[in-house]
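Please look over the sequence and the model shown below. The questions that follow go through them step by step.

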Amino acid sequence: MEEVTVDYDRREIRVLRYDLRRRKHQEVISLEGFKWSVVWGGKSPNRLRICPAKGPRLVICESSLGWTTDDCLHLHRALTAIVEREDKLWGIKD
């Protein structure tokens, strides 16, 4: 993930990312039916999961993809302004 933009006016989240072949992709996620959670453990201290109502979920790993703890906390606050974090998402308790 290179950039995550929360657009409150358009009610969407825009994600700029690159695939393994270094091709750029812009994803737009509607805030309608949107969910998010943090899953602890694994190779990174925690992973932020963004789950749109339609389409595949996106995962942002703090350290392994270059995100710092401050970056993730800033994004957590922005997402909480939209919808509270799910405690149980995909059967995993945070």
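Q: Which residues does His 76 touch, not counting residues up to four places away in sequence?
A: This is a predicted model, in which local features need pLDDT of at least 70 and side-chain atom pairs count only at pLDDT 80 or more, while totals for chains, interfaces and linings use all residues. Residues are numbered from 1 along each chain as its sequence is written, and side-chain values use heavy atoms, with hydrogens and water left out. With contact taken as heavy atoms within 4.5 Å, and leaving aside residues up to four places away in sequence, His 76 touches Trp 36, Val 38 and Leu 48.

Q: Is His 76 buried or exposed?
A: His 76 has its place in helix α1, where helices (H or I, at least four residues) and strands (E, at least two) are DSSP runs numbered from the N terminus. Buried means under 20% relative accessible area, exposed over 50% and partly exposed in between, with a 1.4 Å probe and protein chains only. The relative accessible area of His 76 is 12%, so this residue is buried.

Q: Which element gives the largest share of the largest nonpolar core?
A: A nonpolar core is a set of buried Ala, Val, Leu, Ile, Met, Phe, Trp, Tyr and Cys residues joined through side-chain atoms within 4.5 Å. The largest one has 19 residues, and those with the most contacts inside it are Ile 13, Phe 34, Leu 48, Leu 75 and Leu 79. Two or more residues each come from β1, β2, β4 (35-40), β5 (46-51), β6 (58-61) and α1 (69-80). The largest share, four residues, is given by α1.

Q: Which residues does Leu 75 touch, not counting residues up to four places away in sequence?
A: Leu 75 is among the residues with the most contacts inside the largest nonpolar core. Once residues up to four places away in sequence are set aside, the residues that Leu 75 touches are Val 4, Val 6, Leu 48, Ile 60 and Trp 67.

Q: Which strands stand at the edges of the open sheet β1-β2-β3?
A: Three strands form this open sheet in the order β1-β2-β3 with antiparallel pairing, two strands being paired if DSSP finds at least two bridges between them. Each edge strand has a single partner, so one side of each is left without a neighbour in the sheet; these strands are β1 (3-7) and β3 (24-30).

Q: Which residue in β2 stands opposite Asp 7?
A: Strand β1 runs antiparallel to β2 (residues 12-18), and five bridges join them. Opposite Asp 7 in β2 stands Glu 12.
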